[in-house]
Amino acid sequence: MAEVSIRKVEKAYETYKAVHGIDLEIADKEFVVLVGPSGCGKSTTLRMVAGLEEITGGEIWIGGDLVNDVPPRDRDIAMVFQNYALYPHMTVFDNMAFGLKLRKFPREEIKKRVDDAARILDLTTLLDRRPKALSGGQRQRVAMGRAIVRNPRVFLFDEPLSNLDAKLRVQMRTEIKKVHQTIPTTTVYVTHDQIEAMTLADRVVVMNFGRIEQVGPPQELYHNPATRFVAGFIGSPAMNFFPVKVTNEGGLYVQWPGGVKLAVPPQRANRYAPYAGKEMTLGLRPEHLTETHDIEKPGVVRIEVPVDVVEPMGMETMVHFLVNGEEMTARVDPATHAAPGEMLPLAADMNNMHLIDNESNKVV
Amino acid sequence: MTRRAVRASDVARHGLLAGACVVVLVPIVYMVIASFKSVPDFFTNPYGLPSRWVWENYTRAWNEAKIGITLPNSIIVTAVSVLGSTFLSAMAAYGLSRRERPLAMALYLLFIGGMLVPVQMIVLPLFILLRTLGLFGTLFALILPYIALGLPLGVLILTPIAATLPRDLSDAARIDGAREWRIFLHIILPLMRPGLAAVAILNGVWMWNEFFIPLVVAFKPQSQTMPVGIVAFIGTYSTEWGLVFASVVVATAPLILAYLLMTRQFVAGLTAGAVRG
């Protein structure tokens with residue numbers, strides 16, 4: 001059993017606080033991804049779990065043991081680094097065996113474990129090579145192999161795919177997922193790439209400015225973001241934010257600055273009614289601004305927008321338009337005719353709207 | 001670039017290299033030839049080949065300059081001092097490159113400030129210290145000062161090299177289960193190898209050639225090194241130049257051999273850390 005418990009953990013440097021007393025419970029064998037922009041404290045949090053960074057407040061528990069003062073070597077963890085951190089003067093075999101040798105494993109056991117890991121990661125033919133004779137993807141696999149052979153209680157990944165090209169990144173993402181399915185081990189994974197977070201995680205932890213914004217399964221974060229930051233960070237292309245005023249004129253509406261009124265679906269009216277008369281922000285994902293096929297569906301409202309840029313992606317087309325100088329995106333069928341400078345009718349699916357309080361930045 | 005321009009630049013480059021070779025090789029050739037001359041031959045025919053090749057210069061030098069004692073002494077003193085100062089420099093350099101504390105910079109400056117202190121300035125306190133420690137007559141009287149005096153250059157060369165080694169490497173080793181000592185020995189030290197070779201050669205050359213310290217503190221014959229032994233042939237009224245040069249040839253040979261064996265690491269070490277790679 002290796003659950004990880006982070007309780008009121010803080011990290012303060014001389015001039016600023018990188019992590020502000022965060023709490024997070026990670027279950028045994030769970031795959032948790034910490035995601036957020038650069039400088040949000042996710043890597044610092046991971047390094048504190050690893051023991052590479054001292055904590056200035058709070059407690060970290062691994063498998064029921066308080067590890068605040070336990071050095072990294074005694075935490076029974078393994079870590080994969082962004083730049084692989086392979087020992088350049090050792091062969092692939094020696095890189096993977098180094099930790100086992102230090103722990104005085106018998107030679108046969110070391111060989112067996114390295115061979116097993118090499119088989120899982122398809123490294124068997126590369127065991128005699130030095131890291132500089134490997135490609136980026138192979139190096140990353142060796143780094144994972146070095147972690148796997150130890151059979152640790154917790155795997156820690158610090159942006160492991162950032163140095164790979166886009167194609168290899170997708171491939172390695174699948175590889176990591178497969179490894180976790182083969183060897184289910186508690187995993188904490190740090191990335192700034194929300195697609196990696198969504199595809200890998202059992203639960204995603206969104207961090208911003210050293211605080212946790214929201215924790216939840218990927219789909220929940222996507223469909224029910226708690227804050228404006230999470231709403232904007234999760235999803236690609238990002239959610240559109242429209243400045244609106246909530247009005248009550250026999251029914252609840254949100255009104256754009258240009259005067260366009262969009263009716264709020266009745267099932268949401270009760271929730272939003274207390275905000276009538278207030279300036280709020282309307283959040284709509286690009287896939288909820290589409291061509292007008294579904295215009296008859298309840299809750300779907302027709303709007304017209306001036307097309308700015310059209311981006312055909314193959315299976316879909318992104319249409320960018322400006323509202324109040326802010327760029328918005330609609331995701332339409334490739335067959336839809338859209339040209340820059342023309343007006344395009346779109347269907348706004350208000351059933352999936354998000355209303356954000358401008359003061360608290362919380363989704364209401 | 002035209003063929004003519006290529007040829008002209010080739011000629012210039014080769015000419016320059018040939019000139020440099022002459023500057024380096026002429027004294028060596030002169031030294032070897034002179035080592036086979038008798039004293040009258042040396043003065044009457046200083047630049048030509050010996051009129052008679054005096055091989056006895058080598059046997060006499062071996063016996064009279066006690067090369068049989070001073071050569072092993074020089075080898076032991078230089079080898080132990082080089083190993084000691086290189087290893088300690090590497091430890092200091094690693095520590096100085098890793099700790100971002102205000103003291104690290106001050107310590108670094110203190111270390112390399114040692115290069116500004118001339119040996120003549122410290123020789124008297126060194127003499128008193130070694131006498132108090134009872135090290136006179138032992139090779140430690142030379143080894144310990146050499147190690148200390150080798151540190152500034154070692155720290156100067158190795159600190160920037162250590163600073164370029166990614167921190168993730170030591171973090172990875174830490175998580176793999178290594179303590180600081182093992183990280184240094186198994187990860188950091190092997191990666192600093194080119195720099196270590198450069199430090200070893202640069203320090204080794206002066207330790208091998210050092211004359212002043214052994215002259216003052218190694219006055220017992222059994223603890224003398226080659227440079228002091230060679231001086232025995234330089235008299236007030238006459239000097240046995242053939243014997244001096246024969247001794248110098250014997251003294252130089254190990255250095256040239258060491259340099260030839262380590263040229264590649266030496267060059268790599270001098271440029272290491274210059275470019276992030």
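Colleague: What percentage of the 277 residues of chain B count as buried?
Modeller: This is a predicted model, in which local features need pLDDT of at least 70 and side-chain atom pairs count only at pLDDT 80 or more, whereas totals for chains, interfaces and linings use all residues. Residues are numbered from 1 along each chain as its sequence is written, while chains are lettered from A and ligands numbered from 1 in the order in which they are written. A residue is buried if 20 or more other C-beta atoms, placed from the backbone, lie within 10 Å of its own, exposed if 12 or fewer do, and partly exposed in between. By that criterion, the buried share of the 277 residues of chain B is 36%.

Colleague: How many helices does chain B have?
Modeller: Helices (H or I, at least four residues) and strands (E, at least two) are DSSP runs, numbered from the N terminus. On that basis chain B has zero strands, and its number of helices is 13.

Colleague: How far apart do the C-alpha centres of domain 1 and domain 2 of chain B lie?
Modeller: Domain bounds come from an automatic or database domain assignment, and in chain B they give domain 1 (1–28) and domain 2 (66–272). The C-alpha atoms of chain B fill a box of roughly 70 × 70 × 30 Å along the principal axes. The separation of the two C-alpha centres is 34 Å.

Colleague: Which elements give two or more residues to the side of chain A that touches chain B?
Modeller: Taking two residues as in contact if their C-beta atoms, placed from the backbone, lie within 7 Å, 17 residues of chain A are in contact with 13 residues of chain B. The elements of chain A that give two or more residues to this side are strand S6 (77–80) and helix H2 (92–102).

Colleague: Which helix gives the most to the largest nonpolar core?
Modeller: A nonpolar core is a set of buried Ala, Val, Leu, Ile, Met, Phe, Trp, Tyr and Cys residues joined through C-beta atoms within 7 Å. The largest has 147 residues, and those with the most contacts inside it are A:Val33, A:Leu156, A:Val188 and A:Val205. With 13 residues, the helix that gives the most to this core is H7 (residues 140–164) of chain B.

Colleague: Which strands are the edge strands of the sheet S2-S1-S4-S5 of chain A?
Modeller: Two strands pair if DSSP finds at least two bridges between them, and here four strands form an open, antiparallel sheet. Two bridges join strand S4 (residues 57–62) to S5 of chain A. The edge strands, each pairing on one side only, are strand S2 (17–26) and strand S5 (65–66) of chain A.
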